[in-house]
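User: Hi! I'm new to this one and would like a quick tour. Could you walk me through it?

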Amino acid sequence: MDDMAWEHIYHEELQGFVDENGVSNIEEFFKNKLERWRDVEVNIAISGSSGAGKSSFINTIRELRDFDEKAAKVGVTECSQEPTPYDHPDNPKIKFWDLPGMGTPNFPVDTYCDQVQIDKYHAFLIFTDTRFRENDLKLAEKISSIDKKFFFIRTKIDENVRAEKRSKPPGSFNEESMLKEIRADCSKNLGHLKSNTEDIFLISNHHPAKWEFDRLRKAILDVLPRYQRESLTLSLGVLKSLSTEMLKRKVEVLKGRIWMVASASAAAAMVPIPGLSVAVDIGLMIKEITFYRTQLGLPEEGSAEFANLQVNTQEKVRRICLTTAAQVTGFVAAYAAEASVEEFARFIPLLGLAIAGGMSFATTYYALRHCLKKVEEAALSVLDEAAHKSADDLDID
């Protein structure tokens, strides 16, 4: 979603704020909107048979190891006796709910939906490591009846690959053929519930960079309401998942914030740029640039992760390490001359001439747009290195 789309989304709210409060405190409006993603609730339901990998998935998507303190308990027996929420470690408003099995004595089919409060979840993931059970299909039908989205996930593909390789003569194993067979079997098992085999996801919780874990993550995001999608996008990581697609999605959300940061900066206009008749909110810009670096997974200079990067990648990361007022001021000054007020005239009806019509707005907007591009380029280099190292370490025999 680009910044033009975000303009339309916030236009009514902004107009209401201005009508009630005037423009004197408009920077607070934008600062609050920039932080709103942290307060949006996201509830993802996880269901399926015991030992199917539900807990491992909950840990993997939250980038936790199975033995970490906040990890979901992993075991072959049914661990969840009631709906159990697992918060995202960086955003407690995002919860992955491990649901008890449908059709058990404590959760009979007839009352299951009421007991687990089925209406409160934004999406449902139904897991199996073999074949989907009758109660899985009943749950899917219930979810479908209330117009909620569900996905079928076939887990432990890594184990299937190992077993199939060992059962074949050397050089005769065909992974693509095996995956096609598993998908077709799942589709047949699901009957009318999934006519499109691409709606079935084949994953390994232990190898999220391989098979269809990334495709599943994208599918979940795509079915969420707008604000929930933004919140989950900004909460999920990129380095451990090695997901270029996830990185690109983050960049699009970050682009959609730039006009709000520029508006808040122009409204505050606190620090003049040396040699230019322009003032910007340097503190706000430092905070946003740091947010870019964190979101896109750039390591801090001096960290072990930074030391392990190639020299060229280190230099890309170092060039965009803007943490002081002097560094940011120098960066902004380099782009201020290229900023054009006319380019941002479309914001004037929304923000007013005093804010959108001045060089402060244009300079902040233009500088942040270039900064984000450079952070993205550095992040793609870091991600590419991590992906190559992961491919070297991946061993599925």
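User: Let's start with Asp-98: buried or exposed?

Analyst: Happy to help, and do keep in mind that this is a predicted model. Asp-98 is buried, with a relative accessible area of 3%.

User: And which side chain does Asp-98 meet in a salt bridge?

Analyst: That would be Lys-54, at 3.4 Å from N to O. The pair links distant parts of the chain, with Asp-98 in strand 3 and Lys-54 in helix 3, 44 residues apart. Lys-54 is buried too, at 6% relative accessible area.

User: Nice. How many salt bridges are there?

Analyst: The count comes to 24. One of them joins Asp-281 and Lys-31, whose closest N and O atoms are 4.0 Å apart. Asp-281 sits in the loop between strand 8 and helix 11 while Lys-31 is in helix 2, so this pair ties together parts 250 residues apart in sequence.

User: Is Lys-31 buried or partly exposed?

Analyst: Lys-31 is partly exposed, with a relative accessible area of 29%. Asp-281, by contrast, is buried at 6%.

User: Switching topic: why is strand 5 largely enclosed?

Analyst: Because five of its five residues, 150-154, are buried. Phe-150, Phe-152 and Arg-154 are on one side, with Phe-151 and Ile-153 on the other, so to speak covering both faces.

User: Which strand pairs with strand 5?

Analyst: Strand 4 does, in the parallel sense, over five bridges. Leu-125 has Phe-151 of strand 5 as its bridge partner.

User: Last one: which residues form the positive surface patch?

Analyst: Lys-316, Arg-319, Lys-373 and Lys-374 form the patch. Helix 13 and helix 17 each give two or more residues to it.

Methods. Residues numbered from 1 in each chain as written. Predicted model: local features only at pLDDT ≥ 70, side-chain atom pairs only at ≥ 80, totals over all residues. Heavy atoms only, no water. Patch = residues over 30% accessible without salt bridge, like charges linked within 9 Å, V, L, I, M, F, W, Y side chains within 5 Å. Areas by Shrake-Rupley, 256 points an atom, 1.4 Å probe, with all protein chains shown as cover. Lys, Arg positive; Asp, Glu negative; His and termini not counted. Charge placed at Lys NZ, Arg CZ, Asp CG, Glu CD. Helix = DSSP H or I, 4+ residues; strand = E, 2+ residues; numbered from the N terminus. Buried < 20%, exposed > 50% of the residue type's maximum accessible area, 1.4 Å probe, protein only. Pairing = 2+ DSSP bridges.
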